[in-house]
Amino acid sequence: MKPPSAADRGQTISQDEFILLNEEIRSLIQAGVPLDVGLRGTASRVGGRLSALSERLAMRLEKGASLEDALAAEGDAIPAVYRSLLEAGLRSGRVDEVLRSVSHYAASMRDLTAEVRRMLIYPTAVVVIAYILFVGLNAFVTPRLILTYELFKVEPTWWINTIQWLHATVGLWGPGIPIVIAAILIGQRLWNWIRNEVDDVVPVQPGAFSLVPGFRGVIESARSARFAHLMAILAEYKVPFPEAMRLSAAGTGDARLVGLASRAAESIEKGQPLARAVPVDRTLPAVLRWLMLLSVDQGTLPSTMRQAAELYEQRAVIRAEWIQRVLPSVLVIVLGGGITLLYALSVFLPMQSVWRSLST
C-alpha cells in the first residue's frame with residue numbers, strides 16, 4: 001500500500017473521540033455489521049473531526065482496504081499502538097476483548113489524568129498566592145525594613161544580608177522562576193512531540209505529572225497489566241511466543257519495552273534459551289519476567305499472565321487511589337507551607353534582629 005498523502009490524513013483526535021471511535025468499531029464487529037456501512041452511520045451521527053475521520057475510514061474500506069490499513073492511512077491521527085493492538089486481536093481471534101480493554105484502559109488513564117489535574121488546582125493556587133506575596137514582600141516591604149536597619153544601625157546578620165540580596169535581585173528571580181518553570185514544561189512537551197512518543201493507546205504522557213509522587217508508578221503498572229493481558233490472549237490462541245512478545249510490547253506503546261521485546265524475540269528465534277534471550281531489565285518488571293519464563297516452561301502461560309494482569313491492574317488502582325487521597329494534603333503542606341514559612345521568616349527574623357539591637 002502506497003504511503004498516504006497529507007490530504008488523506010486527518011488531525012489528531014482527542015481522547016474522548018478516540019474512545020468513541022473504538023467503541024463504535026467494537027460494536028460494529030460484535031454485531032457483524034460491515035464496517036464501511038457502520039462507519040458511514042457513525043459519520044452521520046457525530047460531528048467535527050470524528051465525523052470526517054469515520055467518513056474517510058468508510059471510503060477506504062469500500063475500496064477494499066483492511067481496517068488496519070485504513071487506520072494506518074490516517075498517520076498520527078490514529079496512534080500506531082492502536083494498530084498493533086488491532087493486529088494482536090486479529091491474530092488471536094479476540095478482537096472484541098482487545099478493543100474492550102483499549103476503551104477501559106484509555107478511559108481509566110483519561111479519568112486519572114483529569115483527577116490529578118483537579119487535585120492540583122488547590123495546591124497550585126496556594127503556591128501561586130504565597131509566591132506572589134513573597135515577591136511583593138521583597139519588592140515593597142523589604143526596602144522599608146532595610147531603611148529601619150540603617151536608621152537603628154542594626155548589625156547585619158546573614159538573614160538581613162539574604163533579604164537585601166533578594167530585594168536587589170527581585171527583578172530577576174521574581175518573573176524568572178515562573179518563566180523557567182513554564183519553559184521546562186513547554187520544552188518537555190515539545191521534546192515529546194519531536195520524538196513522536198506515544199506512551200499509550202490514547203496519548204497519555206506523564207509530562208509534568210512525572211514529578212507527582214506515584215503517578216509514573218500508576219502508568220507503569222497499567223502498562224505491565226496490558227502487556228500481561230495481551231500475552232495471555234495471544235498465548236491462549238497459540239501465537240508463537242516471540243511474535244506474542246512483539247505484539248504485546250507494541251500494545252503498551254512503551255518504546256523501551258518494544259525494543260527489549262524485539263531483541264528478545266530475535267534471540268529466541270535464533271535458538272537462545274529464554275532466560276538469556278529475555279534479559280533482566282528495569283523496563284520489564286522482574287516479577288513479571290520471572291512469571292513469564294516460569295509459565296512458559298510449565299505450559300501455563302495464558303493462566304499465569306491473566307493472574308499477573310489482574311495483579312498489576314490492582315496495583316495501578318491502589319496507587320491511583322493513594323494519589324487521590326494523599327497528594328492534595330502533601331502538596332499544600334510541603335509546597336504551600338514551605339513558601340508561607342519562608343514568607344513569615346522574611347518578616348520576623350529581620351524584626352527580631354531590630355528588637356535585639358534596641359534591647360542592648
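This passage walks through the helices of one chain, the way some of them pack, and a small group of aromatic rings.

The model is a predicted one, and its make-up is easy to state. The chain comes to 14 helices and 0 strands. Reading along the sequence therefore gives one α after another, in the pattern α-α-α-α-α-α-α-α-α-α-α-α-α-α. The chain has 360 residues, and 43% of them count as buried. As for how the chain meets itself, take the contacts with a separation of 6 or more: residues 24 or more positions apart account for 67% of these.

A good place to look at this kind of long-range meeting is helix H6, which covers residues 95–151. Thr124 sits in this helix. On the way along the sequence from Thr124 to Pro328 there are 204 residues to count off, yet in space the two C-alpha atoms are just 9.6 Å apart. Thr124 has a relative accessibility of 42%, so it is classed as partly exposed; that value falls between the 20% limit for buried and the 50% limit for exposed.

Helix H6 also supplies rings to the aromatic pairs, of which the structure holds 2. In one of them, Tyr131 and Trp173 have ring centres 6.4 Å apart and planes at 75 degrees, which makes the pair edge-to-face, because planes over 60 degrees apart get that label. This pair ties together distant parts of the chain, with Tyr131 in helix H6 and Trp173 in helix H8 (residues 170–195), 42 residues apart. Phe134 and Trp173 pair up as well, but here the arrangement is tilted, with 5.6 Å from centre to centre and 45 degrees between the planes. Again distant parts of the chain are linked: Phe134 belongs to helix H6 and Trp173 to helix H8, and 39 residues separate them. Put together, the ring pairs join Tyr131, Phe134 and Trp173 into a cluster.

Are these rings buried or exposed? Tyr131 and Trp173 are both buried. For Trp173 the relative accessible area is 12%, so this residue falls on the buried side of the 20% cut-off. Phe134, at 7% relative accessibility, counts as buried too.

Further along the chain, helix H10 (residues 241–252) packs against helix H9 (residues 215–236). The angle between H9 and H10 is about 145 degrees, and their axes lie 8 Å apart. Their crossing is right-handed. On the H9 side, the contact involves Arg223, Arg226, Phe227, Leu230, Met231 and Leu234. H10 brings in Phe241, Ala244, Met245, Leu247, Ser248, Ala249, Gly251 and Thr252. Sorted by type, the residues of this contact come out as 9 nonpolar, 3 polar and 2 charged.

H10 has another partner in helix H11, which spans residues 255–269. The axes of H10 and H11 come within 8 Å and cross at roughly 175 degrees. H10 and H11 are therefore roughly antiparallel to each other, since angles over 145 degrees count that way. From H10, the contact is made by Phe241, Pro242, Met245, Arg246, Ala249, Ala250 and Thr252. H11 answers with Leu257, Val258, Ala261, Ala264, Ala265, Glu266, Ile268 and Glu269. The residues of the contact of H10 with H11 split into 11 nonpolar, 1 polar and 3 charged. Some H10 residues turn up in both contacts: Met245, for one, touches H9 and also H11.

Methods
Residues numbered from 1 in each chain as written. Predicted model: local features only at pLDDT ≥ 70, side-chain atom pairs only at ≥ 80, totals over all residues. Heavy atoms only, no water. Axes fitted to C-alpha atoms, helices over the stretch in contact; angles between N-to-C directions. Helix = DSSP H or I, 4+ residues; strand = E, 2+ residues; numbered from the N terminus. Left-handed = near helix turned anticlockwise from the far one by under 90°. Contact = heavy atoms within 4.5 Å. Nonpolar A, V, L, I, M, F, W, Y, C, P; charged D, E, K, R; others polar. Buried < 20%, exposed > 50% of the residue type's maximum accessible area, 1.4 Å probe, protein only. Phe/Tyr/Trp six-rings, centres within 6.5 Å; stacked < 30°, edge-to-face > 60°. Parallel < 35°, antiparallel > 145°, perpendicular 65-115°, else oblique.
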